[in-house]
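Thank you all for coming; I would like to walk you through one structure this morning, slowly, and explain each term when it comes up. Please have a look at the sequence and the model while I talk.

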Amino acid sequence: MAGLQVRSLQKRYGSATILHGIDLEVGDGEFVVLVGPSGCGKSTLLRMIAGLDDISGGELWIGDRLANRLSPQKRNISMVFQSYALFPHMTTRANIGFGPRMRGESAASIETRVQKAAGILNLHDYLDRYPRQLSGGQRQRVAMGRTITRQPDLFLFDEPLSNLDAKLRVQMRTEIKALHQDLKTTIVYVTHDQIEAMTMADRIVVMNAGRIEQVGSPLELYDSPANRFVASFLGSPSMSFIPGTVEKGDGAPGLRTKGGLRLPLGVTAATSGQAVEIGIRPEHYRLADAQTGFPFVVGVVEPTGSETHLFGTIDDTQIRAVFRERIAPTPGDTLFLTVDPAHVHVFDPQSGARL
């Protein structure tokens with residue numbers, strides 16, 4: 001196993017800069033997820049770690065080795081792709097054992113490695129099947145088994161679950177997390193799905209436009225986002241934002257909206273009279289009465305069984321609220337909501353920074 005250090009890493013294609021000096025350290029045995037919207041540079045960074053893309057500037061260290069000019073096969077890295085990349089004419093057993101066979105290992109050693117990988121991934125019943133005879137989830141497990149037999153210092157996953165249906169994605173998330181707990185190998189995992197990031201990672205790296213916005217544990221980023229981008233990207237349903245002006249006086253601080261509503265605020269560095277945006281996660285709204293709450297006009301009702309999702313407006317600003325209670329409002333109804341000030345995030349509307 002080995003850790004990973006990325007120092008001022010840059011990637012340029014001609015005059016276009018894709019990565020703007022990335023700094024990141026991944027500890028030995030850590031599970032780190034790179035997440036962000038399409039085009040943010042996360043897959044480019046992963047390919048540079050793998051040696052599939054050249055480095056334009058900066059340094060890449062794998063363990064105690066400077067890897068800038070190391071060929072992919074000398075980095076002792078295994079990579080799982082979105083497309084599985086299995087050999088269609090080979091059985092599961094042959095696909096999993098391909099790496100050791102190419103390295104010239106004995107048949108007994110290869111079989112031992114294959115059986116170990118099959119045991120970890122529950123593939124014993126499928127060892128004599130071809131890829132065409134497997135489901136998407138089973139094919140992805142075969143791809144993972146092939147990486148296990150290499151015994152790499154570093155696992156790289158490039159959006160491996162994108163081709164699976166919703167049920168299989170949930171199952172495979174659990175299996176990949178269990179694989180990490182069993183092998184304790186360093187993993188760098190790329191996804192655009194923030195649910196995958198939240199449920200699997202030891203730490204999340206949120207990327208945007210070739211830069212790192214924030215690094216931290218899933219709950220750290222969820223509860224204390226550094227800026228509006230991170231706050232809006234993490235969480236499903238996503239955080240909603242309401243503009244207004246800070247009011248501070250003798251009592252508790254509040255936000256005065258353009259329509260004159262007053263919403264609660266927690267501790268903030270914003271000054272009285274400052275224009276801000278507040279962010280509230282959908283699950284933090286609570287039902288109230290007309291005396292203690294602020295009005296919310298219901299637009300769309302979405303019952304999911306365990307929750308009720310409401311789309312609507314607060315002072316003409318679109319928001320989403322989620323309730324565990326079995327409520328059944330109709331479009332056009334006005335409900336009164338409140339929120340704990342500790343759950344209200346304050347952002348600068350220009351820079352997006354948390355205040």
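Within strand β20, Phe347 is the bridge partner of Glu277, and Glu277 takes us to strand β14, residues 275-280, which runs antiparallel to β20 and is joined to it by three bridges. When I say strand, I mean a DSSP run of E with at least two residues, while a helix is a run of H or I with at least four residues, both numbered from the N terminus; and two strands pair if DSSP finds at least two bridges between them.

Before going further, I should say that this is a predicted model, in which local features need pLDDT of at least 70 and side-chain atom pairs count only at pLDDT 80 or more, whereas totals for chains, interfaces and linings use all residues. Residues are numbered from 1 along each chain as its sequence is written, and side-chain values use heavy atoms, with hydrogens and water left out.

β14 and β20 belong to an open sheet of five strands, with antiparallel pairing, in the order β13-β12-β11-β14-β20. At the edges stand β13 (262-264) and β20 (345-347), and because each has a single partner strand, one side of each is left without a neighbour in the sheet. On average, neighbouring strands here are turned by 45 degrees against each other, direction ignored, where the axes are lines fitted to C-alpha atoms, for helices over the stretch in contact, and angles run from 0 to 180 degrees between N-to-C directions.

In the segment after β20 we meet Gly352, which counts as buried because its relative accessibility is 10%; buried means under 20% relative accessible area, exposed over 50%, and partly exposed in between, with a 1.4 Å probe and protein chains only. Gly352 is 138 residues from Gln214 in sequence, and their C-alpha atoms are 13 Å apart in space.

Let me turn to a hairpin, where β17 and β18 are connected with two residues between them, and where Asp315 in the turn has a positive phi of about 55 degrees. Strand β17, residues 308-314, pairs with β18 in the antiparallel sense over seven bridges, and Phe311 stands opposite Arg320 in β18. Strand β18, residues 317-323, is mostly covered, with five of its seven residues buried.

How many of the residues of helix α1 are buried? Seven of the nine in α1, residues 42-50, are buried, so this helix is largely enclosed by the rest of the structure; among them are Leu45, Leu46 and Ile49. Just after α1, Gly51 takes a positive phi of about 90 degrees.

Ala209, in the loop between β9 (203-208) and β10 (211-216), counts as partly exposed because its relative accessibility is 45%. Ala209 and Pro37 are 172 residues apart in sequence, yet their C-alpha atoms are 8.7 Å apart in space.

Finally, a record: UniProt, in an unreviewed entry, places the feature "domain: ABC transporter" at residues 4-234, and I would add that UniProt positions are given in the numbering used here, that feature names are shortened, and that annotations may be inferred rather than shown by experiment. The end C-alpha atoms of residues 4-234 lie 25 Å apart, and the span is 36% helix and 26% strand.
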